[in-house]
Structure formats: structure tokens, C-alpha cells
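Got the viewer open? Let's take a walk through this structure, one selection at a time.

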Amino acid sequence: ALADPRFADWPARIANAQPLRAVIEDAMREGDPKQWERRLTDADVPCATVHSIPEILAHPQVVHREFLRPVDTPWGPVKLGGAGFRLAHGDGGFDRPIARPGENTDEVLRGAGYSDDQIAELRAAAVIGAPVDPVRAGERA
């Protein structure tokens, strides 16, 4: 394949992308992704293994950075993805309870620059639902 004129330079490789892909895939059938990642990295080829979600969540760096964090919710404990980084003044953790659907709609819209009158208009037009009373919502949880 190294002497094949279809792959001699970048324009030729682009014009023959499908046959080149077949050659690469055939060559890589032997070995697992980790072996190929090591081999290509050793050859100074930029690469990385594509991980499944369970694999990446078990990755030592993700675990060390405590990316998944346990959080209590009205529906029971769950793990949520945090910031995955640490700063001198904090770690991007969760600073308040998980909101129920619609519980903080007004707060979010105000933060986006909507006035109370505009929020009322959205509610009257059924663009957003009625505000959730967190105390009464807690009774239903």
C-alpha cells in the first residue's frame, strides 16, 4: 500500500478515500484498540481510542477528578456529571438541590433578561406552564 500511486500524496488519498479506508481497516483487524493506540502513539501519530460511555466513566482520570457526583433528589439518589476540574476557589460542585420540572422557570427567564410582564405573557400564551410551588411539589414527591 505504501507504493500504491492512489495513496502517494494528500490529493490522491482524498480522491481514493474509500480504497484507502479499506486498506487501513484491513490492516487494523488484528489487535485491539488499546494496542493500536500504543502503536500509533509510539510512531508519533496523533490518535485516541474511542470509548463507550461506561468505559470513559470508569477511566482513572475521570474517577480521580470525581466527575460523577452523588446527588440526592426527590426521586432518590442519582449520580450527575460535575465539572471534572478543580480551581483554587472551588470545584464547580452542585450548590443547591435539583429542581423539579418548572420549579425555577421564572428565575431562569429573569436571568436571561425577561421581565415579570414578559414571563406572564409567555405563561398566558401557554409557552411555559404555571409556576411550580416547591413546597407543594415536595408533598407529591
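Before the first stop, a bit of vocabulary: Ala, Val, Leu, Ile, Met, Phe, Trp, Tyr, Cys and Pro count as nonpolar, Asp, Glu, Lys and Arg as charged, and the others, Gly among them, as polar. Also keep in mind that you're looking at a predicted model.

**Stop 1: the largest pocket**

Select A1, L2, F7, A8, R13, L20, V23, I24 and A27, and you have the lining of the largest pocket. The volume of this pocket is about 210 Å³. How do the lining residues divide into nonpolar, polar and charged? There are 8 nonpolar, no polar and 1 charged. Now colour helix α2, residues 17-27: the largest share of the lining, 4 residues, comes from there.

**Stop 2: a salt bridge between R29 and D26**

Next, show the side chains of R29 and D26. These two form a salt bridge, and their closest N and O atoms are 3.5 Å apart. Are the partners buried or exposed? R29 counts as exposed, because its relative accessibility is 59%. D26 is exposed too, with a relative accessible area of 51%.

**Stop 3: the hairpin**

Move on to residues 68-73, which make up strand β1, and add residues 76-81, strand β2. The two strands run antiparallel, joined by 6 bridges, and they form a hairpin with 2 residues between them. To follow one of the pairings, click L68 and then G81, its bridge partner in β2.

Now turn β1 around to compare its faces. R69, V71 and T73 sit on the covered face, while L68, P70 and D72 are on the uncovered one.

**Stop 4: a network of salt bridges**

For the last stop, select D106, R110, D116 and R123, which are linked in a network of salt bridges. Side chains of opposite charge can pair when their charged atoms come close.

Start with D106 and R110, whose side chains meet at 3.9 Å, N to O. Where do these two sit relative to each other? Both are in helix α6 (residues 105-111), and they are 4 residues apart, so about one helical turn separates them.

Then switch to D116, which forms a salt bridge with R110 as well, with the closest N and O atoms 2.7 Å apart. R110 counts as partly exposed, at 43% relative accessibility, and D116 is partly exposed with a relative accessible area of 49%.

If you'd like to keep exploring, a search of the whole structure finds 7 salt bridges.

Note on methods
Residues are numbered from 1 along each chain as its sequence is written. This is a predicted model: local features need pLDDT of at least 70, side-chain atom pairs count only at pLDDT 80 or more; totals for chains, interfaces and linings use all residues. Side-chain values use heavy atoms; hydrogens and water are left out. Buried means under 20% relative accessible area, exposed over 50%, partly exposed in between (1.4 Å probe, protein chains only). Two strands pair if DSSP finds at least two bridges between them. A salt bridge is a side-chain nitrogen of Lys or Arg within 4 Å of a carboxyl oxygen of Asp or Glu. On a 1 Å grid over the protein atoms alone, a cavity is a set of points where a 1.4 Å probe fits but cannot get out, and a pocket is an open set with protein on both sides within 12 Å along at least five of seven lines; lining residues have an atom within 4 Å of a point. Grid points are joined across faces, edges and corners, and a volume is the space filled by probe spheres set on the points.
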